[in-house]
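User: Hi! Could you walk me through this structure with a few questions and answers?

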Amino acid sequence: MVVSKLLGSQYAPRMTIVSTPRCLYSPQCQLEIESQRTHANRIVVDYSQPWAVLMEDQTHFPSIVTDADDAAVFAIEIKPKWGFLPPPHHMMHHPIKGRHCRFCMHSLLKTRSKPGFARSTFCPLDLFSCTHERVLKALRCLELEPGNNLRAFVNGNGVLAGSANDAFQKTFRGGRALPSSIWDLVANILCYEPLLRRLSKHQRCLDRVGIEKLWEYQQRHGALQPESVDEWKIVLLKYLETGFGNEANSVDPPHLKSIEPTQQSIFEFLMSASLKDCSIMISLRRKTTSFDTISQDATGIATLNDHSFEYKIRVIDVDIKSVSKLAYYCYQDNDICNIANEEKHLLNECFE
């Protein structure tokens, strides 16, 4: 819902609600499933739920079932993180947020709190600039130090993100010269598609008040978590129909349920937090025909050095955050900014 309404239906993965198989109620089945989950995906699964959401595997093109070289699929997952510097009213206590982006400051906190953590030179604002030179710089920085912000796959199997370009070259073999770098191709796609511009805009507009003020609001007034998907739809539609959160247009549309303005701001912030933590999946396969048509699964065609690739872009991991996390967000923001102030000599200034 959030992806379709805010970023575009072409970037929304196909999902289907299915009844939970009875076998999932078995402790033995649950243990087997848990043993196969990666260490980075440890969200607690409630196996008692009668329904589940089934999503297509984004590392594949669903219509491809052959192992032929020309049918091979190379996919990358990028976590773009925050795509804006906050406005002055977000900086009641920490003006440093206007000079350095959240990701770059957060890396200092991780360096101190996580032994062995390697800081990346990646700056999300380079990626969100949508200028080829800066986007390419961001992607190459991710390749050098992927952390959990870059993953790569060949035909659904994970490969080392730091060797993504080598894997790309090997995947599309056949004696034909390939583009010099996978990152040139990905940069072309990201600069052409409107996705990053939309993502940055809605991250910013949904976070119009800032965590410092929102936490004060929460402490004074409290906030209830929307209880259903329908209530979240009301929050989203009000945001869209009142000028993307513009307070000058803050009157509720007559057909929408009234929501107290403070609560609306908190709910919008939680949607912004989801967009700040989403992933972008880009899947590529070689285009073997000279026609301009693309398969129904593809988003578009990218060409580099006379080689054409069909690509598919989907936005995933847009789970709505809980109101209970507001305190965590506030304390984390404070910790990040305090460390950044102490070690600002280690930071380069960030620019949108």
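**Contacts, sheet and salt bridges**

User: What share of the contacts in the protein chain between residues at least 6 apart in sequence join residues at least 24 apart?
Analyst: Happy to help, and please keep in mind that this is a predicted model. Counting contacts in the protein chain between residues at least 6 apart in sequence, the share that joins residues at least 24 apart is 75%.

User: Thanks! In which order do the six strands of the open sheet lie?
Analyst: The pairing in this sheet is antiparallel. Its edge strands are β5 (157-159) and β7 (300-304), each of which pairs on one side only. Reading across from β5, the order is β5-β4-β3-β6-β8-β7.

User: Which residue of β5 is the bridge partner of F153?
Analyst: Strand β4 covers residues 150-154 and runs antiparallel to β5, with three bridges joining them. The partner of F153 in β5 is G158.

User: What angle does the direction of helix α6 make with that of β3?
Analyst: Helix α6 (residues 164-171) packs on the sheet and touches β3, β4, β5, β6 and β8. Its direction and that of β3 (74-78) make an angle of about 160 degrees.

User: Which strand gives the most to the nonpolar patch?
Analyst: The patch lies on the surface and is formed by M15, I17, W51, V53 and M55, with about 570 Å² of accessible area together. Both β1 (15-19) and β2 (51-55) supply at least two of its residues. With three residues, the strand that gives the most is β2.

User: Is I17 buried or exposed?
Analyst: I17 is found in strand β1. Exposed means over 50% relative accessible area. I17 has 61% relative accessibility, so it counts as exposed.

User: How many residues apart are K79 and D277?
Analyst: Their side chains meet in a salt bridge, at 4.0 Å from N to O. K79 sits in the loop between β3 and α3, while D277 sits in the loop between α11 and β6. The pair therefore links distant parts of the chain, with a separation of 198 residues.

User: Is E343 buried or exposed?
Analyst: E343 meets R112 in a salt bridge of 2.7 Å, N to O. R112 is partly exposed, with a relative accessible area of 47%. The cut-off for buried is under 20%, and E343 has a relative accessible area of 18%, so E343 is buried.

User: Which residues are linked with K79 and D277 in a network of salt bridges?
Analyst: D319 forms a salt bridge with K321, where the closest N and O atoms are 3.7 Å apart. Both residues belong to the network that includes K79 and D277, and its other members are K81, D319 and K321.

Definitions and conventions:
Residues numbered from 1 in each chain as written. Predicted model: local features only at pLDDT ≥ 70, side-chain atom pairs only at ≥ 80, totals over all residues. Heavy atoms only, no water. Pairing = 2+ DSSP bridges. Helix = DSSP H or I, 4+ residues; strand = E, 2+ residues; numbered from the N terminus. Contact = heavy atoms within 4.5 Å. Axes fitted to C-alpha atoms, helices over the stretch in contact; angles between N-to-C directions. Patch = residues over 30% accessible without salt bridge, like charges linked within 9 Å, V, L, I, M, F, W, Y side chains within 5 Å. Areas by Shrake-Rupley, 256 points an atom, 1.4 Å probe, with all protein chains shown as cover. Buried < 20%, exposed > 50% of the residue type's maximum accessible area, 1.4 Å probe, protein only.
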